[in-house]
Amino acid sequence: MTEQELDEIMTLRWSAVVRQVMADGSDEWLKGFVRSIARQGKRRSWKPTTRQASIMRRLVAEQQAESACIGEVIER
């Protein structure tokens with residue numbers, strides 16, 4: 001994961017992922033994972049492992065797909 005990709009995920013997208021995972025609420029491991037990444041992401045020198053980066057990308061993609069399906073209601 002590049003520095004730029006990590007910065008984008010942690011700055012712009014991770015809070016939405018955390019909210020979605022916490023709202024769904026059934027998978028305790030996943031809840032712990034997103035909280036752990038949020039905590040570790042505050043450290044300037046932290047870099048995700050290959051496995052963490054893969055899971056992070058998947059969660060961001062799932063969150064973006066879900067938010068795209070919701071859409072906005074437009075009144076005429």
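Okay, a definition before anything else: a residue is buried when its relative accessible area is under 20%, exposed when that is over 50%, and partly exposed in between. Take Thr-49 with that in hand: its relative accessible area is 42%, so Thr-49 is partly exposed. And please keep in mind that this is a predicted model.

Where does Thr-49 lie? Thr-49 belongs to the loop that links α2, residues 28-40, with α3, residues 50-70. Here's a nice detail about that spot: Met-1 is 48 residues away from Thr-49 in sequence, yet C-alpha to C-alpha the two are 8.8 Å apart in space.

Let me zoom out to the whole chain. We've got three helices and zero strands, so to speak an α-α-α pattern when you read along the sequence. The chain has 76 residues, and buried ones make up 33% of them. The accessible surface is about 5800 Å², with 50% of that belonging to carbon and sulfur atoms. For contacts, take the pairs at least 6 apart in sequence: 56% of those join residues at least 24 apart.

Now, helix α1. This one covers residues 3-24, which is 22 residues, and at 1.5 Å a residue the span should be 32 Å. The C-alpha atoms at its ends are 29 Å apart, and that agrees. There is also a kink in α1 of about 60°, centred on Arg-13. Just after the helix, Gly-25 has a positive phi of about 70°.

Which residues of α1 are buried? The list runs Leu-6, Ile-9, Met-10, Trp-14, Ala-16, Val-17, Val-18, Gln-20 and Val-21.

That leads into the core. The largest nonpolar core has 16 residues, and the members touching the most other members are Trp-14, Phe-33, Val-34, Met-56 and Leu-59. Helices α1, α2 and α3 each give two or more residues to this core, and the largest share, seven residues, comes from α1.

Let's stay with Met-56 for a second. Leaving aside residues up to four places away in sequence, what does Met-56 touch? The partners are Leu-6, Ile-9, Met-10, Trp-14, Phe-33, Ile-37, Trp-46 and Pro-48.

Phe-33 brings me to the aromatics. Searching the whole structure gives one aromatic pair. The pair is Trp-29 with Phe-33: the ring centres are 5.4 Å apart and the planes sit at 15°, so this counts as stacked, the cut-off for stacking being planes under 30 degrees apart. Both residues are in helix α2, four residues apart, or about one turn of the helix. Are these two partners buried or partly exposed? Trp-29 has a relative accessible area of 47%, so it is partly exposed. Phe-33 comes in at 9%, so Phe-33 counts as buried.

One last residue, for anyone who likes looking at lysines. Lys-31 is also found in helix α2. Its relative accessibility is 14%, so Lys-31 counts as buried. And what does Lys-31 touch, not counting residues up to four places away in sequence? Those contacts are Val-21, Met-22 and Gly-25. Gly-25, remember, is the residue with the positive phi just after α1.

That's my tour.

Notes. Residues numbered from 1 in each chain as written. Predicted model: local features only at pLDDT ≥ 70, side-chain atom pairs only at ≥ 80, totals over all residues. Heavy atoms only, no water. Expected span 1.5 Å × (residues − 1). Bend = angle between axes of the 7 residues up to and from the residue. Buried < 20%, exposed > 50% of the residue type's maximum accessible area, 1.4 Å probe, protein only. Phe/Tyr/Trp six-rings, centres within 6.5 Å; stacked < 30°, edge-to-face > 60°. Contact = heavy atoms within 4.5 Å. Areas by Shrake-Rupley, 256 points an atom, 1.4 Å probe, with all protein chains shown as cover. Core = buried A, V, L, I, M, F, W, Y, C linked by side-chain atoms within 4.5 Å.
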